[in-house]
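Dear colleague,

Please find below the structure that I agreed to pass on to you. My notes on what was found in it follow directly after.

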Amino acid sequence: MVDLLSYPACATALLQRAPEGDQAGIMKGEEMTEEDYHRYIAAFNARDYDALETFFADDFALENAGFRVQGKPAFREFYAFFHQFCLEEVIFKEFFPGRNGFVSNVVIRFTGIEDLSAEVLAEKGYSGMSVVPRGVSVDVEFYIHYLLNAEGKIQYIKGAVWVPEAKQG
């Protein structure tokens with residue numbers, strides 16, 4: 001593993017969504033539960049984008065590492081691009097329910113599977129992301145804020161990276 005501080009804010013966005021209706025466990029007007037969130041993580045880790053999209057409002061937005069992904073088509077485009085270069089595994093730590101959504105604490109393990117340059121990231125509009133070299137794994141701790149709409153779908157996602165205090169000496 002590489003020290004997190006060697007690769008600042010290795011970017012990505014956790015996107016969550018469960019299947020429609022009863023299968024999702026999220027009924028109209030209900031809040032997302034920790035159990036729903038575990039299904040979301042399982043779909044993300046399995047790269048099941050169809051299942052993930054069921055958790056989202058059509059026009060949801062994800063903001064992370066200085067870029068914004070708006071809507072389901074942009075979500076698909078971003079991950080079709082990013083997952084060619086980097087494998088992501090979400091590791092659950094905590095779930096904090098709230099009035100209009102929730103916050104999760106997760107570790108995302110980024111593993112470089114193909115070379116990706118900072119120039120290509122900038123060309124695509126993702127210049128806030130850090131490159132993870134091929135064969136290198138980096139664990140990054142996130143606190144992710146999810147806002148839900150009236151139907152219990154994810155409307156907005158914003159991630160914050162936890163950077164531990166630098167050790168002295």
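Two strands are said to pair if DSSP finds at least two bridges between them. Please bear in mind that the model is a predicted one.

Strand S5 (residues 137–148) and strand S6 (residues 154–162) run antiparallel and are joined by eight bridges. Within this pairing, Lys-158 in S6 is the residue opposite His-145. The hairpin that S5 and S6 form has five residues between the strands, and Gly-152 there adopts a positive phi near 85°.

S5 also pairs with strand S4 (residues 101–112), again in the antiparallel sense, over 11 bridges. Here Tyr-146 in S5 faces Phe-102.

One residue of S5 may be of interest to you, namely Ser-137. Ser-137 counts as buried because its relative accessibility is 18%, and the limit for that class is under 20%. The side chain of Ser-137 makes a polar contact of 2.8 Å with the side chain of Thr-111.

Turning to internal space, the structure contains one cavity of 30 Å³ or more. The largest cavity encloses about 40 Å³. Its lining is made up of Phe-82, Phe-85, Cys-86, Glu-114, Leu-116, Ser-130, Val-131 and Val-132. Sorted by class, six of the lining residues are nonpolar, one is polar and one is charged.

I would be glad to receive any questions you may have.

With kind regards

Definitions and conventions: Residues are numbered from 1 along each chain as its sequence is written. This is a predicted model: local features need pLDDT of at least 70, side-chain atom pairs count only at pLDDT 80 or more; totals for chains, interfaces and linings use all residues. Side-chain values use heavy atoms; hydrogens and water are left out. On a 1 Å grid over the protein atoms alone, a cavity is a set of points where a 1.4 Å probe fits but cannot get out, and a pocket is an open set with protein on both sides within 12 Å along at least five of seven lines; lining residues have an atom within 4 Å of a point. Grid points are joined across faces, edges and corners, and a volume is the space filled by probe spheres set on the points. Ala, Val, Leu, Ile, Met, Phe, Trp, Tyr, Cys and Pro count as nonpolar, Asp, Glu, Lys and Arg as charged, and the others, Gly among them, as polar. Helices (H or I, at least four residues) and strands (E, at least two) are DSSP runs, numbered from the N terminus. Buried means under 20% relative accessible area, exposed over 50%, partly exposed in between (1.4 Å probe, protein chains only). A polar contact is a pair of N or O atoms within 3.5 Å; within protein, one must be able to donate a hydrogen and the other to accept it, and residues adjacent in sequence count only if both atoms are side-chain atoms.
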